[in-house]
Amino acid sequence: MLIESIAFVLVGLLVGALALTLRPEYFPPSRSLTYGTALVAALLSGFVGHYALGGALPAVTVAISATGSALLTSVLARPDQAGGRRSARRGRRAGSHRRHRHA
């Protein structure tokens, strides 16, 4: 269980680092919140997976830990506050770019 716990911590740190590296504009300025959420989510989902599987499949438990960490870390993402082209498009109404013909 100690080796799995270390693996869960490493998975959580990796998920947090990937989230901040791949999409830094989606996360608030508090980097510690992102790392902390990823770490706690990896530990929690890893322990739940370990006990649900009876400790028989450690590789699957680490995969469950990574999935749970990624899902809970994505809750912190704020694409509506991200700068750039994508957030500027959200303000338009659907179909407003089309020309309307008047007979």
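In which helix is Ser69 found? In this predicted model, Ser69 belongs to helix α3, which runs over residues 58–74, and this residue offers a convenient point of entry from which the rest of the structure can be reached step by step.

Before following its contacts, it helps to set out the overall architecture. The secondary structure consists of four helices and zero strands, so that the order along the sequence reads α-α-α-α. Of the 103 residues in the protein, 24% are buried. Where contacts join residues at least 6 apart in sequence, 68% of them link residues at least 24 apart.

Returning to α3, Ser69 has a relative accessible area of 0% and is therefore buried. Its side chain places a polar atom 2.9 Å from the backbone oxygen of Ala38. If neighbours within four places in sequence are set aside, the residues in contact with Ser69 are Gly12, Val15, Ala38, Ala41, Ala42 and Ser45. Among these partners, Gly12 and Val15 are buried residues of α1, whereas Ala38, Ala41, Ala42 and Ser45 are buried residues of α2.

A second residue of α3, Thr73, carries the picture further along the helix. Thr73 counts as buried because its relative accessibility is 2%, and the cut-off for burial is under 20%. A polar atom of the Thr73 side chain lies 2.7 Å from the backbone oxygen of Ser69, while the Ser69 side chain has a polar atom 2.9 Å from the backbone oxygen of Ala38. Not counting residues up to four places away in sequence, Thr73 touches Val15, Ala19, Phe27, Thr34, Thr37 and Ala38. Val15 and Ala38 thus appear in the contacts of Thr73 and also in those of Ser69.

The partners in α1 lead to that helix as a whole. Helix α1 covers residues 2–22, and its 21 residues reach 30 Å from the first C-alpha to the last, close to the 30 Å expected at 1.5 Å a residue. Its buried residues are Glu4, Ser5, Phe8, Val11, Gly12, Val15, Gly16, Ala19 and Leu20. These residues lie on the same side of α1, because the arc that they cover around the axis is only 160°. They pack against α2, which spans residues 31–53, and against α3. On the face turned away from this buried side, α1 carries the exposed residues Leu2, Ile3, Leu10, Leu14, Thr21 and Leu22. Leu18, also placed in α1, counts as partly exposed because its relative accessibility is 42%. The C-alpha atoms of Leu18 and Tyr35 are 10.0 Å apart in space, although the two residues are separated by 17 residues in sequence.

Helix α2 can be described in the same terms. Its 23 residues reach 33 Å between the first and the last C-alpha, close to the 33 Å expected at 1.5 Å a residue. The buried residues of α2 are Thr34, Ala38, Ala41, Ala42, Ser45, Gly46, Gly49 and His50, and they pack against α1 and α3. After α2 comes Gly54, whose phi is positive, near 75°.

Which residues make up the largest nonpolar core? This core has five residues, namely Ala19, Leu20, Tyr26, Phe27 and Ala82. In soluble globular proteins, nonpolar side chains tend to be buried together. Ala19 and Leu20 are among the buried residues of α1. With neighbours within four places in sequence left aside, Ala19 is in contact with Pro24, Phe27, Thr34 and Thr73, and Thr73 in turn also touches Phe27 and Thr34.

The charged pairs complete the tour. Side chains of opposite charge can pair when their charged atoms come close. A search of the whole structure finds two salt bridges. In one of them, the side chains of Arg23 and Glu25 meet with an N to O distance of 3.9 Å; Arg23 is partly exposed, with a relative accessible area of 41%, and Glu25 is likewise partly exposed, at 36% relative accessibility. Another salt bridge joins Arg78 to Asp80, with 3.2 Å between the closest N and O atoms. Here Arg78 counts as partly exposed because its relative accessibility is 36%, and Asp80 is partly exposed with a relative accessible area of 47%.

Conventions: Residues numbered from 1 in each chain as written. Predicted model: local features only at pLDDT ≥ 70, side-chain atom pairs only at ≥ 80, totals over all residues. Heavy atoms only, no water. Helix = DSSP H or I, 4+ residues; strand = E, 2+ residues; numbered from the N terminus. Buried < 20%, exposed > 50% of the residue type's maximum accessible area, 1.4 Å probe, protein only. Polar contact = N/O pair within 3.5 Å; in protein donor to acceptor, adjacent residues only side chain to side chain. Contact = heavy atoms within 4.5 Å. Expected span 1.5 Å × (residues − 1). Arc of directions from axis to C-beta. Salt bridge = Lys/Arg side-chain N within 4 Å of Asp/Glu carboxyl O. Core = buried A, V, L, I, M, F, W, Y, C linked by side-chain atoms within 4.5 Å.
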